[in-house]
Amino acid sequence: MALTADQILAAQKANLETLFGLTTKAFEGVEKLVELNVTASKAALVEAQSTAQAALSVKDAQELLTLQASLFQPLAEKTAAYSRHLYDIAQGTGAEFTKAFEAKASEAQQAFVGLVDSASKNAPAGSETAVAVLKSAVAAANNAFESVQKAVKQASDVAEANFNAVSTQAVAAAKTATASRKR
């Protein structure tokens with residue numbers, strides 16, 4: 001079964017639309033990242049100013065240690081929140097690319113299965129064994145692709161759970177360190 005010029009043009013048009021859609025998503029991810037960094041930088045500047053003013057008003061070493069201890073926990077929490085936002089932006093942008101890839105892979109898979117079916121219907125007599133082997137290979141490839149997709153999803157879920165656990169532990173450690181410094 002040969003592809004017609006209209007089918008080739010339609011496929012090229014669909015591929016261009018996908019490319020531009022993914023490029024738009026990538027730029028949206030960059031915009032979110034820039035916005036996050038600008039917001040974090042502004043907040044850091046305001047906090048640096050208030051911390052400097054507080055440090056200048058300290059009267060003795062004990063008061064300075066208390067001030068320092070009071071700043072440690074919020075810093076850890078803000079760092080964890082920043083990391084979480086950064087991870088969410090990366091995850092969201094990556095999910096769009098994954099979705100587009102899976103859709104295109106599924107389309108290609110269906111087109112290939114269609115070609116195999118068409119070829120098997122027009123196969124010469126006596127080639128049933130070769131057609132069966134080809135169909136079996138296509139089915140095995142489809143199963144392998146689905147297994148890989150499931151494994152990637154599971155790995156992504158594990159990575160997200162690990163990221164959340166590490167963030168929670170970091171904030172808890174900061175709280176513990178702050179509490180022990182105040183004693």
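**Exercise 1.** Which residue forms a salt bridge with Glu96, and how far apart are the closest N and O atoms?

*Solution.* Keep in mind that this is a predicted model. Start with the pair itself: Glu96 is bridged by Lys99, with 3.7 Å between the closest N and O atoms. That falls within the 4 Å cut-off for a salt bridge. Next, look at the spacing: the two residues sit three apart in helix α2, so about one helical turn separates Lys99 from Glu96. Finally, check the surroundings: Lys99 is exposed at 52% relative accessible area, whereas Glu96 is partly exposed at 27%.

**Exercise 2.** Find the salt-bridge partners of Lys25 and Arg84, and describe their settings.

*Solution.* The whole structure holds four salt bridges. Among them, Lys25 pairs with Glu28 at 3.5 Å, N to O. Both belong to helix α1, three residues apart, or about one turn. Glu28 is partly exposed at 32%, and Lys25 is partly exposed at 30%. Arg84, for its part, meets Asp88 at 3.1 Å; these residues are four apart in helix α2 (residues 61-121). Asp88 has a relative accessible area of 37%, and Arg84 has 24%.

**Exercise 3.** Locate the surface patch that contains Leu19, then judge the confidence of its helix.

*Solution.* Leu19 joins Leu16 and Phe20 in a nonpolar surface patch with about 320 Å² of accessible area together. Leu19 lies in helix α1 (residues 5-56) and is partly exposed at 48%. Now for confidence: α1 has the highest mean pLDDT, 87, while helix α3 (residues 128-182) has the lowest, 72. The chain average is 79.

Note on methods. Residues numbered from 1 in each chain as written. Predicted model: local features only at pLDDT ≥ 70, side-chain atom pairs only at ≥ 80, totals over all residues. Heavy atoms only, no water. Patch = residues over 30% accessible without salt bridge, like charges linked within 9 Å, V, L, I, M, F, W, Y side chains within 5 Å. Areas by Shrake-Rupley, 256 points an atom, 1.4 Å probe, with all protein chains shown as cover. Salt bridge = Lys/Arg side-chain N within 4 Å of Asp/Glu carboxyl O. Buried < 20%, exposed > 50% of the residue type's maximum accessible area, 1.4 Å probe, protein only. pLDDT = per-residue confidence, 0-100.
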